[in-house]
Amino acid sequence: MKIKLITILILLITLLQSIPAEQLTVVYPVLKDPNHSIKVLSVNKTKYVSVEDFSRAFNVRTYYRKESGKIVLFFPKSRVKITANSSFIMFDARLMQMPQPALLIDKEIFAPVKTFMTLMKENTIPGLQYSIAAGSEEYFVKENRVNQSAVITTSTVKNAGLVRLTEIRYEEKANGVTVKIAAQGTFQDSDFSNFFKGDEWFYLTIYGASCDSTALSSIKPTNSFLRVEAVTTGSSVQLGFRLRRQFKSAEVHYDLRSRSILLSLFLPPNQDIKRKIEAAKSAWIIDTIVLDPGHGGKDPGTPGRWGYMHEKDIVLDVALRVGKLLKKNSNLKVVYTRKKDIFVPLWKRSDIANKSGGKLFISLHVNGLARNSSANGVEFYLLRPGRSEDAIKVAEAENAVIHLEDAADKAKYAGYDDITNILANMVHSVNMRDSELFAGILSRNFTENVSQKNRGVKQAGFYVLVDADMPKLLCELGFNSNKAEARKLNSSRHRQKIAETIYKSILEFKEVCDKSISEN
């Protein structure tokens with residue numbers, strides 16, 4: 001998925017405009033250069049860290065294309081890719097999203113500190129800890145390309161705006177212990193960072209917080225802890241828990257209802273719990289693929305011109321080719337929403353997917369623009385509200401099939417008018433994360449193997465995807481309104497190449513997901 005941002009060029013006069021730069025210091029792991037310097041700038045009240053400074057501090061090789069605003073960090077066991085003006089970050093084949101996009105400032109890429117450091121800790125540098133302090137130098141901005149709404153701030157907040165922590169309560173559970181930290185304000189989950197130091201200590205850092213260190217440290221803990229030490233460091237609080245018991249894992253999040261930070265420390269599971277976990281894991285194994293060739297029957301989709309095939313015939317052929325490859329070369333079960341030239345209502349397609357126990361839903365389509373015969377390339381769509389005019393138009397075109405359905409079918413879409421409401425409880429789900437993962441894998445493989453322009457991963461609201469309770473992706477395989485691309489799509493050799501690429505991506509997705517399940 002790729003968010004299309006409207007950007008503007010803001011020219012700042014260097015002699016009049018400056019930013020008091022802050023400095024980020026890596027606390028753990030210990031770096032070779034103890035005097036490493038990593039710039040932090042404030043943009044629209046959000047702190048951004050220099051990605052290049054970060055890579056230099058860790059002494060990792062980088063590949064940076066300044067003309068395109070893309071940088072790749074080559075760590076020993078992983079590769080991290082960041083693009084200016086994009087909120088997405090790639091960890092090898094895994095695509096993840098930050099709440100704010102990376103920025104290009106003076107031809108240098110900056111990423112939002114909290115999210116970037118949290119993702120680096122979770123995916124590349126286990127146990128990563130850092131602190132931020134005011135720098136001794138002012139940073140002069142020459143040229144800045146940022147989101148239209150972003151404004152460079154001219155001062156940094158030191159103690160103002162910090163959320164005060166007032167109390168710690170403990171509750172022993174059968175599988176561990178819960179710690180509730182009362183706060184006089186709100187946090188985002190990206191404000192927290194934690195790690196175990198051996199079996200003796202657990203550390204929780206809360207960014208944007210302050211406290212009375214003596215008062216919090218004096219609160220008597222539960223039997224799971226010998227003591228708790230609260231330390232303030234600039235604009236953060238670190239809580240150190242001296243452990244009496246050996247815990248396996250930890251989770252932390254902010255609970256708006258109780259206005260508290262909830263920390264859960266988990267003990268290793270007993271045999272009964274292990275059996276239940278294994279049973280739950282098996283339910284997530286990727287074993288059934290649902291292929292959905294769009295349109296069909298009385299609905300031709302994007303019509304064929306110049307004597308070429310309609311959309312409904314192209315996507316059916318590709319779906320059957322993918323299914324044939326899967327059945328021949330894997331143990332995966334393949335389910336089709338249609339195998340013939342018949343009309344299937346949108347609601348029934350997701351119903352077929354759910355009733356078959358599908359673990360991945362792939363809807364295949366071909367694009368078309370009546371007023372733009374030069375548009376070309378493949379696109380991949382995740383189910384989210386449309387973020388660009390082009391994405392919204394594509395969704396409207398694919399959703400228009402509802403007008404061909406009978407009254408009983410149309411009644412099933414009652415309440416679907418506001419796609420945003422439907423998505424409110426699912427955009428952060430496991431299914432969405434896995435959808436993004438598959439989208440990243442498929443997009444990369446198309447770029448490497450299919451001779452078509454890749455227009456990237458996007459997001460829009462498609463009715464056919466709404467009710468499918470599994471990872472899902474809608475693929476636009478090209479433009480039937482472009483004569484040259486229509487000729488390609490009418491080539492059986494080219495359709496076979498597309499099918500092989502989808503097949504390869506499904507197997508790669510299964511391997512990544514199944515490995516993650518077995519490890520966790």
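# Burial, sheets and backbone in a predicted chain

Me: What percentage of the 520 residues of the protein chain count as buried?

Reply: In this predicted model, 52% of the 520 residues count as buried. Each of these has a relative accessible area under 20%. The accessible surface of the protein chain is about 25,300 Å², and carbon and sulfur atoms account for 50% of that surface.

Me: How do you know how confident the predictor is in the protein chain, and which residues score low?

Reply: The average pLDDT is 79, and 77% of the residues score at least 70. Over residues 1-18 the pLDDT stays under 50, although the model has 56 contacts beyond four places in sequence for them. The pLDDT also stays under 50 over residues 413-428, for which there are 25 such contacts.

Me: Why is asparagine 59 called exposed?

Reply: Its relative accessible area is 62%. The term applies over 50%, so asparagine 59 is exposed. The residue is located in the loop between helix 1 (51-57) and strand 5 (61-65). Its phi is near 55°, which is positive in a residue other than glycine. Most residues other than glycine have a negative phi.

Me: Why is tryptophan 306 placed in the class partly exposed?

Reply: Its relative accessibility is 35%. Buried requires under 20% and exposed requires over 50%; tryptophan 306 meets neither condition and therefore counts as partly exposed. This residue belongs to the loop between strand 23 and helix 5, and its phi is also positive, at about 60°.

Me: What makes glutamine 23 partly exposed, and where does it lie?

Reply: Glutamine 23 has a relative accessible area of 22%. Buried would require under 20%, so glutamine 23 is partly exposed. It lies in strand 2 (residues 18-28). Valine 40 is 17 residues away from glutamine 23 in sequence, yet their C-alpha atoms are 5.5 Å apart in space.

Me: How do you know that the peptide bond from tyrosine 28 to proline 29 is cis?

Reply: The omega of this bond is near 0°. Most peptide bonds are trans. Proline 29 is in the loop between strand 2 and strand 3 (38-43).

Me: What makes strand 8 and strand 9 a pair?

Reply: Pairing requires at least two bridges. Strand 8 (residues 88-91) and strand 9 (residues 94-97) are linked by four bridges in the antiparallel sense, so they meet that condition. In one of these bridges, phenylalanine 88 has glutamine 97 in strand 9 as its partner. The two strands form a hairpin with two residues between them, and aspartate 92 in its turn has a positive phi of about 55°.

Me: Why are strand 18 and strand 21 said to stand at the edges?

Reply: The five strands of this open sheet follow the order 18-14-15-22-21, with mixed pairing. Strand 18 (209-211) and strand 21 (249-255) each have a single partner strand, so one side of each has no neighbour in the sheet. On average, neighbouring strands here are turned by 35° against each other, direction ignored. Strand 21 is joined to strand 22 (residues 260-266) by seven bridges, and the two run antiparallel. Within that pair, glutamate 251 has serine 264 as its bridge partner.

Me: Which are the edge strands of the open sheet with the order 16-17-20-19?

Reply: They are strand 16 (192-197) and strand 19 (225-233), each of which pairs on one side only. Neighbouring strands of this sheet are turned by 15° on average, direction ignored. Strand 17 (residues 201-207) and strand 20 (residues 236-243) run antiparallel and are joined by seven bridges. Tyrosine 203 stands opposite glycine 240 in strand 20.

Me: Which residues of the largest nonpolar core touch the most other members?

Reply: This core has 40 residues, and those touching the most other members are Ile289, Ile362, Leu364, Phe446, Ile502 and Ile506. Elements that give two or more residues to it include strand 25 (360-367), helix 10 (430-449) and helix 13 (492-519). Another core lies apart from it, with 35 residues, among them Leu31, Phe58, Val80 and Phe91.

Me: What residues is isoleucine 506 in contact with, leaving aside its neighbours within four places in sequence?

Reply: They are Ile289, Val322, Leu326, Leu332, Leu360, Ile362 and Phe438. Across the protein chain, 70% of contacts between residues at least 6 apart in sequence join residues at least 24 apart.

Technical notes
Residues are numbered from 1 along each chain as its sequence is written. This is a predicted model: local features need pLDDT of at least 70, side-chain atom pairs count only at pLDDT 80 or more; totals for chains, interfaces and linings use all residues. Side-chain values use heavy atoms; hydrogens and water are left out. A nonpolar core is a set of buried Ala, Val, Leu, Ile, Met, Phe, Trp, Tyr and Cys residues joined through side-chain atoms within 4.5 Å. Buried means under 20% relative accessible area, exposed over 50%, partly exposed in between (1.4 Å probe, protein chains only). Contact means heavy atoms within 4.5 Å. Accessible areas come from the Shrake-Rupley method with a 1.4 Å probe; for residues, only the protein chains shown count as cover. pLDDT is the predictor's confidence in each residue, from 0 to 100. Axes are lines fitted to C-alpha atoms, for helices over the stretch in contact, and angles run from 0 to 180 degrees between N-to-C directions.
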